[in-house]
Amino acid sequence: MMENQDRARVTMFLALLALVGIAVKFLNIAALHFLRPDVNPVSEPISYYGVGPYGFLLTVADIGSGLATLALVFGLYLAIMPPARSYVGLFLLGLYGVSELLAGIFPIDVGAEATTAGTIHNIVGNISFFCFPIAAILLSLRMGKDEQWRSLRRPALALAIVVVLTVILTIAGSNLGIGFGVTQRVANVAVLVWMLVVALHLRSVAQGALALQPSRAS
């Protein structure tokens with residue numbers, strides 16, 4: 001019984017950590033759009049905010065996102081029954097989280113100069129960009145196999161499909177040189193919304209488990 005209680009408490013902590021990290025990412029990037037009018041949101045990537053004034057805010061945002069993602073990985077592992085877990089999905093989601101952390105530590109190159117940090121940023125950026133959509137699809141599809149997560153399967157899957165579509169639009173915008181900044185920002189919002197919905201459900205599942213403990217013990 002104590003083991004179940006501890007598991008629920010850890011899951012609750014991870015859910016709250018994920019929610020805080022998501023909020024940090026969203027609020028910091030939103031603030032940078034006002035603080036850095038020199039960055040064109042239509043044509044230039046979010047990573048450009050990391051170079052120049054207030055660049056530390058993007059670093060904090062990426063670290064917050066990375067920690068939120070890793071918290072979700074461990075939280076989902078604890079809260080979803082083994083038959084409903086997508087281990088490939090959890091691995092890819094974890095890879096996305098690590099990539100977000102590294103993207104925050106290593107800033108992008110702006111201009112013609114090529115640096116090691118900029119090269120690392122581009123590599124982990126591409127990894128995260130492709131890992132998350134696949135992870136979201138796989139994890140959403142398997143949720144239906146767990147009674148506590150079944151109600152979230154359709155909305156999570158719908159949001160995952162939106163993520164996939166926005167990623168495709170971002171790739172198209174990058175190749176065509178049209179609206180890359182806008183599509184990338186929309187894709188990032190879609191990612192954060194999927195994470196937010198999953199984190200809120202994770203917290204709800206943990207709350208339910210904690211609420212049941214006293215009655216089971218009596």
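## A salt bridge within helix α1

In this predicted model, the side chains of Arg9 and Asp6 come together in a salt bridge, with a nitrogen-to-oxygen separation of 3.4 Å. Both residues belong to helix α1, which covers residues 2–35, and they stand three residues apart, about one turn of the helix. An α-helix has 3.6 residues a turn, so residues three or four places apart point the same way.

As for their surroundings, Arg9 is partly exposed, with a relative accessible area of 45%, and Asp6, at 37% relative accessibility, is likewise classed as partly exposed. Both values fall between the limits of 20% and 50% that bound this class, which is why neither residue is called buried or exposed.

## Salt bridges beyond the first pair

Across the whole structure, a search returns four salt bridges. One of them joins Lys25 to Glu100, whose closest N and O atoms are 3.0 Å apart. Because Lys25 lies in helix α1 and Glu100 in helix α3, this pair ties together parts that are 75 residues apart in sequence. Lys25 and Glu100 are both buried, and the two residues are linked with Asp62 in a network of salt bridges.

A further salt bridge is formed by the side chains of Arg36 and Asp38, at 2.9 Å from N to O. The accessibility of its two partners is as follows: Arg36 is buried, with a relative accessible area of 5%, whereas Asp38 is exposed, with a relative accessible area of 53%.

## Helix α3

Helix α3, which runs over residues 87–105, contains 19 residues, and the distance from its first C-alpha to its last is 27 Å, close to the 27 Å expected at 1.5 Å a residue. The buried residues of α3 include the glycines Gly89, Gly94, Gly97 and Gly104, together with the leucines Leu90, Leu92, Leu93 and Leu101. Tyr96, Ser99 and Ala103 also belong to the buried set of this helix, as does Glu100, the salt-bridge partner of Lys25.

## Buried positions in helices α5 and α6

Ala160 is placed in helix α5, which spans residues 153–176, and counts as buried at 0% relative accessibility. When neighbours within four places in sequence are left aside, Ala160 is in contact with Ala136, Ile137, Ser140 and Trp194. The C-alpha atom of Ala160 is separated by 19 Å from that of Ala172, which is twelve residues away along the chain.

Gln184 lies in helix α6, made up of residues 180–217, and is buried, with a relative accessible area of 12%. Apart from residues up to four places away in sequence, Gln184 touches Pro45, Ile46 and Thr170. With a value of 12%, Gln184 falls under the 20% limit and therefore counts as buried.

## A nonpolar patch on the surface

Leu35, Tyr54, Phe56 and Val60 make up a nonpolar patch on the surface, and together they have about 370 Å² of accessible area. Within this group, Tyr54 is partly exposed, at 39% relative accessibility. Because membership of a patch calls for over 30% relative accessible area, a partly exposed residue such as Tyr54, at 39%, can belong to one.

Note on methods. Residues numbered from 1 in each chain as written. Predicted model: local features only at pLDDT ≥ 70, side-chain atom pairs only at ≥ 80, totals over all residues. Heavy atoms only, no water. Helix = DSSP H or I, 4+ residues; strand = E, 2+ residues; numbered from the N terminus. Buried < 20%, exposed > 50% of the residue type's maximum accessible area, 1.4 Å probe, protein only. Contact = heavy atoms within 4.5 Å. Expected span 1.5 Å × (residues − 1). Patch = residues over 30% accessible without salt bridge, like charges linked within 9 Å, V, L, I, M, F, W, Y side chains within 5 Å. Areas by Shrake-Rupley, 256 points an atom, 1.4 Å probe, with all protein chains shown as cover.
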